[in-house]
Amino acid sequence: MKLPVSVRPRGAISHPHTVAASLPAMMAPSLSLYHSCSRRCLGYSELESGPASINVHIWCAVLELRCYTQASLPFSRDLMPRTLEGQITMEKTPSYFVTKEAPARISSMAKGTKLIVVVRDPVTRAISDYTQTLSKKPDIPTFESLTFKNRTTGLIDTSWSAIQIGIYAKHLENWLLYFPIGQILFVSGERLISDPAGELGRVQDFLGLKRIITDKHFYFNKTKGFPCLKKAEGSSKPHCLGKTKGRTHPDIDQEVVQRLRDFYRPFNMKFYQMTGQDFGWD
C-alpha cells in the first residue's frame, strides 16, 4: 500500500499522470533544526510512498532578493510536484524555521499548510552543527572559542548561528504570528532515534494518514547510532543514510556543555510551554 504522499527530488516529476500543476490541498514542509533527523523523517516516509523530497528553499534562498510579490507565486507553484486529488505534497528545508520572512511567505501562498518541525536538544544540535562545519573546514576555531564572547565571564555568543538556531522559542514566536499552534507538529529528534515508529505514527496521524509505518520496518544500526530501514522502496537491501550522517562528535569541555545547558534552560522551558510538550532536554 502506498501512502498518499507526493514528494519529488529536484528536477523530477512526482507522478506519471499528466495533471495540471496547482497548489496542493495540503502541504507539509519539514522545518527541521536537526538535518539528519529531518532526512530520516522523510526517508522513512519513502518506505511506502516512493522517492523522495524537494529541498529547494522556496521561501528563503530562492527568494533572497527580498521581493516576495505575486509574480513569485507561480514560480513557487511550478517548483511543486504535480499533485493528484487525495495526495499530500511534502517539502523540506531546514532553514525555514529560522528565516524571518518564511512564515509570511508560506502563509501568503498556502495558509492551510501543515508544518512539521523536527527539533533536538539545542546543545547537541549546536555540537552537531559544529561537527558538520568542521568536516568541511578543518581549520575553523574550536567549539569552545566560538561559543563564548568572553570565556572568563561565561558570556555566550548568540550571534553564532550554531547557538542562535537553538533558541527555539524565539523562532516559534514568529511562526505563531501566521499559523495556529495546532497546524504545527513538533517531532522529537531524540524519539525519532529511540522510537522511530512511534514518532512517525504521530506524523501519520497529524497528516490524516493511516498508520502503516511500524516497528517492523526498522532495525538499529550500531555504527550509525540510529535506526535504518530494513528494506528501501524498490530494493531488497536495507537502507541507511549516507556517510555524512551519524558523524562522531568531537570531545567538548563539559564545563562548556554545562554552561550551554544553563543558557538554554529558560528558552527550553518557554518552548515547552508554547508547544505543550516536554522534550526532556534538562
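Trainee: How much area does the chain expose, and what share of it do carbon and sulfur atoms supply?
Mentor: This is a predicted model, and its chain exposes about 13,500 Å². Of the 282 residues, 52% count as buried. The share of the exposed area supplied by carbon and sulfur atoms is 54%.

Trainee: How many salt bridges does the chain have?
Mentor: Side chains of opposite charge can pair when their charged atoms come close. The rule applied here is a Lys or Arg side-chain nitrogen within 4 Å of a carboxyl oxygen of Asp or Glu. By this rule the count is nine.

Trainee: Which residue forms a salt bridge with D121, and where does that partner lie?
Mentor: D121 sits in the loop between β3 and α4, and its partner is 140 residues away. D121 is buried at 6% relative accessible area, whereas the partner is partly exposed at 25%. The N to O distance is 2.7 Å. The partner is R261, in helix α10.

Trainee: Is D129, the salt-bridge partner of R125, buried or exposed?
Mentor: Both residues lie in helix α4, four residues apart, with 2.9 Å from N to O. Buried means under 20% relative accessible area. D129 has 18%, so D129 is buried.

Trainee: Which residues share a salt-bridge network with R202?
Mentor: R202 pairs with E199 at 2.8 Å between the closest N and O atoms. These two are three residues apart in helix α9, so about one helical turn separates them. E199 is buried at 3%, while R202 is partly exposed at 25%. Salt bridges with shared partners join R202 into one network with E199 and R191.

Methods: Residues are numbered from 1 along each chain as its sequence is written. This is a predicted model: local features need pLDDT of at least 70, side-chain atom pairs count only at pLDDT 80 or more; totals for chains, interfaces and linings use all residues. Side-chain values use heavy atoms; hydrogens and water are left out. Buried means under 20% relative accessible area, exposed over 50%, partly exposed in between (1.4 Å probe, protein chains only). Accessible areas come from the Shrake-Rupley method with a 1.4 Å probe; for residues, only the protein chains shown count as cover.
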